[in-house]
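Trainee: Could you take me through one part of this model up close? I'd like to see how two packed helices meet, and then what sits around them.

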Amino acid sequence: MAVEFTSPSRRLTLGRDRIIFDGAMGTALGSRGLRRGSLPEELNLSSPETVAAVHRSFLEAGSDFITTNTFGAFPSRLAHAGLSVGPVVRSACQIARREAERFGGFVALDIGPSGRLMEPLGDATFDEIYQGVCEVLHAGAAYCDAVLLETFTDLAEIRAAALAVRENCGLPLLATMSFEPSGRTFSGASAEACSLVLSGLGASAFGTNCSAGPRALRETVRQICGACPVPVIVQPNAGLPEFSGSSVVYSAGPDEFQSVMGEFARWGVAVLGGCCGTTPDYIRRLSSLRGDVPPRSVPLGPAACSASQVVRFDMFVPVGERINPTGKPVLADAYASRLPSPLLEDAIKQTQEGAVMLDVNAGVPGVDEAAALSWAVQTLQEGVTCPLQLDSANPKALEAALRACVGLPMINSASARPESLEPAIRLAKKYGVSILGLPMDETGVPERAADRLAVAARIKERWTAAGLAAEKLLFDPLVMAAAAGPERVSETLNTLSALKERLGAKTMAGISNVSFGLPARGAVNRTMLAACLDRGLDAAILNPGDLGMMDTVAVWNLLSGRDADASGYLAYCAARPEELEPESRDALPVPEANQDDNEDELGRAVRLGLVQEARRAAAELCKGVSAMTVVEEYLVPALDRVGDDYEAGRIFLPGLLKAASAASAAFDEIRQALPAGSGARDKGPIVLATVQGDVHDIGKNIAGTVLESYGFRVIDLGKNVPAETVVRTVVENRAPLVGLSALMTATVASMEDTVAALRRAAPGVKIIVGGAVLSRVLARSIGADYYAATAMETVRLAEKAIKLKERE
């Protein structure tokens with residue numbers, strides 16, 4: 001149902017009428033005298049008229065919506081300034097409401113990120129984010145027309161925030177995330193995956209804000225418009241900040257901003273607004289883009305995703321079946337004792353063998369399935385990047401796992417029995433997931449294909465009556481054991497044909513059931529798979545370690561036209577050249593170097609982020625060679641390979657941090673064998689700080705973690721650090737390096753002051769700066785030595801600076 005916003009003077013339909021949001025509250029308050037180092041939210045109490053004047057300026061410029069001055073009002077952030085959520089948020093919302101009513105406009109309750117990383121990468125828990133958002137909602141939602149979650153970069157955090165909004169507030173939810181030019185957030189989440197997850201959770205609109213300006217967002221906006229099933233919202237910065245004298249200016253002026261945003265409007269973007277640097281003049285230009293929103297074409301059908309990978313079933317999908325403790329004592333013990341290694345090892349191996357999704361079952365007698373399945377999901381997300389399929393008939397276990405899953409999993413499965421289907425429908429509506437339907441009911445599995453089809457039709461009818469898209473419902477044709485009679489195989493194949501032809505459904509089957517009780521099970525499974533593929537099967541739960549099965553999948557994708565340019569088939573063959581006849585090898589593309597070739601156990605453990613395995617491998621190496629040799633010839637090269645992968649975009653931030661944790665664990669083991677005074681792990685020290693006035697320290701914390709894994713001694717001063725504290729720490733510790741971070745445009749001036757103070761008191765210190773609002777040009781203009789865009793770049797620059805200092 002379309003979302004409508006109604007006031008006495010106007011009615012707007014989200015997705016049909018183009019809606020204009022406001023611009024940058026922080027920029028406007030800065031121009032009105034906001035003190036350096038002060039929180040903008042303080043003004044809601046100390047100078048409400050100043051905040052009201054900003055709202056009026058945007059409404060006069062043509063904004064339909066204004067956003068409350070609460071971006072930084074997350075409880076933990078306000079607590080640093082001695083403020084409470086209730087008074088600050090309530091006052092902000094009342095101010096905005098009064099001004100909006102004067103112009104017939106609308107108010108969005110603005111909620112920004114907490115400034116902390118979610119577990120396991122950081123220390124923020126799901127419950128902390130959820131409760132923090134609830135506190136803001138309870139204080140301000142009653143005064144507003146919608147809730148805006150904006151500038152999030154961690155998919156896990158915005159999922160927790162979105163669930164808090166959807167479960168505690170009846171207002172429409174609009175959500176935006178900040179993306180790099182690559183179309184991914186800094187943690188590696190893709191624009192397509194974020195679109196699917198947030199729309200699945202019930203966001204009325206999804207899109208992007210902040211970032212490096214409208215031109216830099218062009219590819220990201222294109223990806224969102226091509227994937228997002230709900231209206232799209234775009235609110236970019238006015239380019240990157242630069243210094244002009246003592247003032248901060250932005251690289252994209254109002255004319256350029258309007259031109260690019262006009263292009264976005266033609267692509268079907270429904271909501272336009274501005275972020276950092278956008279003044280009422282920018283919004284006045286945007287208001288000329290009002291009109292009807294043109295339609296967009298987005299893919300239909302089921303989808304599953306992790307934060308970084310999306311599966312849409314356009315190619316045949318092999319689903320790994322081995323994360324199932326039935327008959328596997330090692331896995332059963334792992335669930336019972338919460339030992340992650342067996343799950344991670346097998347999951348990683350299945351993805352290396354070609355599985356693009358993993359079926360996850362946690363049914364162990366005597367073990368709390370809800371807790372076990374949730375733990376399994378969290379564990380697997382730390383080791384693999386493919387989407388997951390939750391295999392359980394227990395609604396409580398499924399919901400616990402859905403809350404833990406950073407992505408859009410699938411549910412396996414639901415039958416026509418009400419006690420199975422109704423909970424599945426409830427979960428599908430709440431989380432936006434696709435379901436695998438079983439054409440069976442209270443009487444069991446129908447023997448004949450026609451009867452199975454009738455049950456499937458009943459499931460589909462109930463599904464669509466609940467308001468769910470038929471395309472998100474897959475069906476299992478129910479593969480039965482051939483040993484019980486060959487007619488069962490025929491009925492399965494006929495069911496498969498009927499599901500495709502009569503219901504137009506995507507299908508997935510558990511292939512290995514067919515060979516139960518027979519010898520040479522692999523041959524039986526491979527033949528059954530080929531027969532099912534001929535009838536249109538779209539996915540199979542199988543053992544990807546069966547080379548014959550995976551050969552069949554690769555060849556079928558090619559022959560069926562799904563792998564139209566043969567790139568998938570050639571890549572599959574290139575990964576297995578030893579299995580091909582010699583004359584075929586010359587036709588293959590040259591594969592990238594395989595990291596597994598000649599990789600030692602420590603290197604593998606570090607690359608995969610396996611902490612205990614890294615510790616054990618380091619201890620074993622120390623028995624045969626010196627500890628310094630282990631550091632210099634094994635540990636550091638392993639980290640360098642991970643760093644190269646990160647910089648090349650082959651892995652993302654979670655993989656980098658997991659590798660850093662594994663490397664640190666390995667060094668803890670190596671340390672015990674190091675001779676006193678060896679000098680290992682004595683690089684630096686490097687002093688890190690988020691500058692005064694800025695309470696964002698995620699990027700700084702990530703850089704600190706990776707620096708420590710490379711042997712730097714890190715002195716982390718935290719966030720909102722006065723310049724004199726940074727200077728004193730550098731002087732007292734004779735630190736050769738300083739790393740300064742700032743996320744907010746308003747605190748770039750604080751960074752400039754800190755750099756100047758360091759130059760006066762410690763002229764020899766090398767200064768590295770970073771943060772979303774920084775650039776190399778801006779870094780040079782404030783007097784820094786280096787600009788680092790990523791944690792790995794910080795490490796490279798720190799090592800370079802240390803070598804230069806040693807030569808002086």
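Mentor: Sure, let's start with a crossing: helix α6 passes helix α7 in a right-handed crossing. Keep in mind that this is a predicted model. In general, two packed helices are described by the angle between their axes and the distance between the axes. Here α6 covers residues 126-140 and α7 covers residues 155-168, and they pack at an angle of about 45° with their axes 8 Å apart. That angle makes α6 oblique to α7, because angles under 35 degrees count as roughly parallel and 65 to 115 as roughly perpendicular.

Now look at who touches whom. From α6 come Phe-126, Ile-129, Tyr-130, Val-133, Cys-134, Leu-137 and His-138. They meet Glu-157, Ala-160, Ala-161, Leu-163, Ala-164, Val-165, Glu-167 and Asn-168 in α7. Sort that contact by class and you get eleven nonpolar, two polar and two charged residues. As for the spacing of those numbers, an α-helix has 3.6 residues a turn, so residues three or four places apart point the same way.

Next, follow α7 to another neighbour, helix α15, which runs over residues 395-404. Its buried residues are Ala-397, Leu-398, Glu-399, Ala-401, Leu-402 and Ala-404. What do they pack against? The buried residues of α15 pack against α7, along with α14 (369-383), β17 (388-391), β18 (410-414) and α16 (418-431). So you meet α7 again here, this time as a partner of α15. Have a look at the start of α15 too: a side-chain oxygen of Asn-394 reaches to within 2.9 Å of the backbone nitrogen of Lys-396.

One of those partners, β18, has a detail of its own. Ser-413 sits in strand β18, and a cis peptide bond joins Asn-412 to Ser-413, with omega at about 25°.

To link α7 with another part of the chain, try Ala-355. The C-alpha atoms of Ala-355 and Arg-159 are separated by 26 Å, and the two residues are 196 residues apart along the chain. Ala-355 belongs to the loop between α13 (340-353) and β16 (357-361). Is it buried or exposed? Ala-355 counts as buried, because its relative accessible area is 6% and the cut-off for buried is under 20%. Leaving out residues up to four places away in sequence, Ala-355 touches Pro-318, Gly-320, Gln-350, Pro-544 and Met-550.

While we're on loops, two residues have a positive phi without being glycines. Leu-478 has a phi of about 65° and lies in the loop between β20 (473-475) and α18. With a relative accessibility of 9%, Leu-478 counts as buried. Arg-734, with a phi of about 50°, is in the loop between α28 (723-733) and β25 (737-741). Arg-734 counts as exposed, at 77% relative accessibility.

Last stop, α18 itself, which spans residues 486-502 and includes Thr-495. Thr-495 is buried, with a relative accessibility of 0%. Where does its side chain go? The side chain of Thr-495 reaches the backbone oxygen of Glu-491 at 2.7 Å. Not counting residues up to four places away in sequence, Thr-495 touches Ala-449, Arg-452 and Pro-477.

Key:
Residues are numbered from 1 along each chain as its sequence is written. This is a predicted model: local features need pLDDT of at least 70, side-chain atom pairs count only at pLDDT 80 or more; totals for chains, interfaces and linings use all residues. Side-chain values use heavy atoms; hydrogens and water are left out. Axes are lines fitted to C-alpha atoms, for helices over the stretch in contact, and angles run from 0 to 180 degrees between N-to-C directions. Helices (H or I, at least four residues) and strands (E, at least two) are DSSP runs, numbered from the N terminus. Angles under 35 degrees count as roughly parallel, over 145 as roughly antiparallel, 65 to 115 as roughly perpendicular and the rest as oblique. A crossing is left-handed if the near helix is turned anticlockwise from the far one by less than a right angle, and right-handed if clockwise. Contact means heavy atoms within 4.5 Å. Ala, Val, Leu, Ile, Met, Phe, Trp, Tyr, Cys and Pro count as nonpolar, Asp, Glu, Lys and Arg as charged, and the others, Gly among them, as polar. Buried means under 20% relative accessible area, exposed over 50%, partly exposed in between (1.4 Å probe, protein chains only). A polar contact is a pair of N or O atoms within 3.5 Å; within protein, one must be able to donate a hydrogen and the other to accept it, and residues adjacent in sequence count only if both atoms are side-chain atoms.
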